[in-house]
Amino acid sequence: MTTGTVGKGSRAGLWLPVGLWGLTRVLLLLCVFDVVEVPGPDIAYDVENIYRGWYEVLRDGTYPLDDITWQYPPAAALVMLAPGLLPFLGYASAFFVLALLCDALVFGLLLYTGRRAGRTSRGAWIWLAGVALLGPTAYARYDVMVTAVAVAGLLAAGRDPRVLGALAGLGAVLKVWPALVLAGTPKGRATFRSWSAAAGAAAGALLLCVLWKPGALSFLSFQRDRGTEVESLGATVFHVLRHFGWEGEVRMNYGSMEFLGPYVSAVSTAAMAVTVAVFGWLLLWRIRARRFVSSTVADAAFVAVLLFTLTSRVLSPQYMLWLIGLAAVCLAFRSSRMERPAHLVVWATAVTQFEFPVWFWHVTRSDALGMAVLFTRNGLLVAAAVLACRILWRQTVTEPRLAAAVPAQASRTEREGALSGSGRRGGPRP
């Protein structure tokens, strides 16, 4: 009877999050299908024109060899071809439906995980809110599919590191960044199993893509030539300099709005140097880390992706999906202390919908409104990154070192007391 009562209560408690998920997702679908008009650039343009164009080229037997906007690893072709699995729908409609299904998969995994021992439903709520706050961009890019792969891998890490590795490797051949979810695997056997599985899965997927169609590696040269995109952290310099006579301009370049002109290459180089420095910090953290709790894999993945996103030359609005997904996995664990950084990311996601698409033209003009919304979004992400790094270091490096030092100091005190005779029970006799 007790078990049945708990089960009924638990099922009843699912109605609220599932109902809210359904309501918010219906609204997102109304937006991408243009039933509800969203101010700013056409959200569905990439799917209806760019993705569909790639679909036609891929279906003809080759990668988009002559399209510089194709800047994705070769397994991304599978996502572009996936709408063909729903031939009764148009390409864009099928893509949006697949995005909805991936969103539902992540939400379902987080809800299921939240009911297990040592877990919590906070992760499901973070995902529910974050995707809704990002708006229709969440369904109009293929990042939701990649995020689903990364989230599934992290949630499986505790049961089988090889599953984490295999999904991370597959995700890396979809969009590179999922490889970072391996940053916090526990030292020893878990790391060996997960990293070797990732290498095998990535190599296998890459080989199949190379053999499948010509031009699978063309994305490497296209990605290399990108500049500083207007929404990135590095672009802050040029948003300010434009008000002091800087002679550059904002123009569509390599598929996004970028700054072109004096000093842009220097800032792009500096961004890459900072990325290398971030990698060095993560390497130092792995060497110094002493304690790995149940949430450490997710916490470290969140920190790693947050840092690399901030230091990238490109910070497109859909990248927020990566951070929302990883923040949700962190908060699915009771042992995680990433609540404040996760909430900062949610707030940054809410601001992002105004940065793009609503006020995007203000951003490209670097006017007061555009700079205010962009600097607020990026400032929240910087604050989240600093706070998350401190939490990760403290929980895995500082606290274990202090905990080890206290017993050592206590043993020393006891030994000194015993030698002086003051350590006997009852103290020295008169």
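## A tour of the model, starting at the hairpin

Select N253 and then S256 in β3, which stand opposite each other. Strands here are DSSP runs of E with at least two residues, helices are runs of H or I with at least four, and both are numbered from the N terminus. The model is predicted: local features need pLDDT of at least 70 and side-chain atom pairs count only at pLDDT 80 or more, while totals for chains, interfaces and linings use all residues. Residues are numbered from 1 along each chain as its sequence is written, and side-chain values use heavy atoms, with hydrogens and water left out.

**The hairpin and its sheet**

Extend the selection to β2 (residues 249-253) and β3 (residues 256-260), which run antiparallel and are joined by five bridges. Two strands count as paired if DSSP finds at least two bridges between them. Two residues lie between the strands of this hairpin. In the turn, Y254 has a positive phi of about 55°. Next pick V250, whose bridge partner in β3 is F259. F259 is also the bridge partner of T228.

Now add β1 (228-229), one of the edge strands; the other is β2, and each pairs on one side only. Between β1 and β3 there are two bridges, again in the antiparallel sense. What is the order of the three strands in the open sheet? The order is β1-β3-β2, with antiparallel pairing.

Colour β3 by accessibility. Four of its five residues are buried, so the strand is largely enclosed by the rest of the structure. Buried means under 20% relative accessible area, exposed means over 50%, and partly exposed is in between (1.4 Å probe, protein chains only).

**Helix α2**

Go to helix α2, residues 15-32. At 1.5 Å a residue its 18 residues should span 26 Å, and the end C-alpha atoms are 26 Å apart, which agrees. The expected span is 1.5 Å times one less than the number of residues.

Select P17, W21, R25, L28, L29, C31 and V32, the buried residues of α2. Looking down the helix axis, these buried residues fall within an arc of 150°, so they line one face of the helix. The arc is that of the directions from the helix axis to the C-beta atoms. Turn the helix over: the face away from the buried side carries the exposed residues W15, L16 and L23. Show α5 (91-114) and α6 (122-134) as well, since they are among the elements that cover the buried residues of α2. After α2 comes D34, with a positive phi near 65°.

**D103 and A129**

Select D103 in helix α5. Is D103 buried or exposed? At 0% relative accessibility, D103 counts as buried. Leaving aside neighbours within four places in sequence, D103 is in contact (heavy atoms within 4.5 Å) with W21, R25, W127, V131, Y139 and V144. W21 and R25 are among the buried residues of α2 listed above.

Then move to A129 in helix α6. A129 is partly exposed, with a relative accessible area of 29%. Draw a distance from its C-alpha atom to that of A350: the two are 221 residues apart along the chain and separated by 9.2 Å.

**The whole chain**

Zoom out. The secondary structure comes to 17 helices and three strands. The C-alpha atoms fill a box of roughly 95 × 65 × 45 Å, taken along the principal axes. With 430 residues, a compact globule would have a radius of gyration near 22 Å, and the protein has 24 Å, which agrees. This radius is taken over C-alpha atoms, and the globule rule is 2.2 Å times the number of residues to the power 0.38. Of the 430 residues, 50% count as buried. Among contacts between residues at least 6 apart in sequence, 77% join residues at least 24 apart.

**Confidence**

Last, colour by pLDDT, the predictor's confidence in each residue, from 0 to 100. The average is 90, and 90% of the residues score at least 70. Among the elements, helix α1 (residues 2-12) has the lowest mean pLDDT (47) and helix α14 (residues 319-331) the highest (98). Over residues 1-7 the pLDDT is below 50, and this stretch has zero contacts beyond near neighbours in sequence. Residues 422-430 are also below 50, with three such contacts in the model.
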